[in-house]
Amino acid sequence: MTDMKRITIAIDGFSSCGKSTMAKDLAAAVGYVYVDTGAMYRAVTLFALREGLFNPDGTIREAELQARLPEISITFRFNPTTGRPDTYLNGELVEQQIRSLEVSSHVSPIATLPFVRTALVAQQQAMGRDKGIVMDGRDIGTTVFPDAELKIFVTASPETRAQRRFDELKAKGMEADYEEILSNVRERDYIDTHRETSPLRKADDAVELDNGSMTIAEQNQWLLDRFHAVLADDNCGPDKA
């Protein structure tokens with residue numbers, strides 16, 4: 001077998017594990033298309049916040065959101081400066097806005113809505129029809145691409161993930177409070193693992209990666225090793241990675 005064979009790579013895991021960064025780096029290293037599914041749910045959340053589709057108590061006006069889903073167009077465009085794709089909501093660049101704490105605090109309830117997940121999963125599956133794709137999220141290996149040849153499940157302690165999120169926001173010049181972020185991380189973990197539709201869980205054939213004490217370089221090498229192991233396997237099975 002040669003490296004010409006294209007596979008589907010699914011990266012799932014908890015919030016603020018660095019899934020998007022590792023998926024982007026892996027896609028760039030192997031020449032695959034990268035799709036940030038978390039950004040898609042964040043874009044829907046940003047739309048709902050802007051359009052007043054959250055009630056004062058934080059609940060969602062579900063019927064209104066469902067009726068307005070056709071108005072939401074989410075696309076990705078390659079940014080030559082960063083070498084990575086940016087997220088656009090109805091033609092507007094929203095890459096920074098969707099990373100705000102306000103969006104982070106509202107995205108999990110949006111992502112639990114079955115009609116939102118159904119709509120976005122259909123889009124994601126269409127994007128991956130030709131393989132040669134790296135996709136990260138919460139249910140990629142279990143729901144979106146259950147037949148993906150390589151599945152990774154990423155984890156790290158809530159404290160480690162909160163510190164990463166804090167550092168990321170501060171680096172962007174955005175306001176950040178560690179305790180508030182830690183609380184948000186724990187709340188998202190609970191919501192993500194307990195929702196009725198496509199809850200976050202490790203697929204039976206996924207390889208677990210605890211990257212809590214790994215450098216970015218070590219993490220990227222670990223991923224590349226598993227990618228090449230799958231390609232070298234005549235059966236292209238992730239359980240043999």
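This text describes two pockets and a small set of paired strands in a predicted model. Local features need pLDDT of at least 70 and side-chain atom pairs count only at pLDDT 80 or more, while totals for chains, interfaces and linings use all residues. Residues are numbered from 1 along each chain as its sequence is written, and side-chain values use heavy atoms, without hydrogens and water.

The largest pocket (an open set of points on a 1 Å grid over the protein atoms alone where a 1.4 Å probe fits, with protein on both sides within 12 Å along at least five of seven lines) holds about 960 Å³ of space, a volume being the space filled by probe spheres set on the points. Its lining, meaning residues with an atom within 4 Å of a point, comprises 41 residues, and Ser20, Thr21, Arg99, Arg165 and Glu168 lie nearest the centre. Among the elements that give two or more residues to this lining are helix H1 (19-30), helix H2 (37-50) and strand S4 (84-89), where helices are DSSP runs of H or I with at least four residues and strands are runs of E with at least two. H2 gives the most, with five residues.

The second largest pocket has a volume of about 190 Å³, and of its 13 lining residues Tyr32, Val33, Tyr34, Phe78 and Pro85 lie nearest the centre. H1, strand S2 (33-36), strand S3 (74-79) and S4 each supply at least two residues of that lining.

S3 and S4 also belong to an open, antiparallel sheet of three strands in the order S3-S4-S5, pairing being assigned if DSSP finds at least two bridges between two strands. S3 and strand S5 (92-93) each have a single partner strand, so one side of each is left without a neighbour in the sheet. Six bridges join S3 to S4, and Asn79 stands opposite Arg84 in S4.
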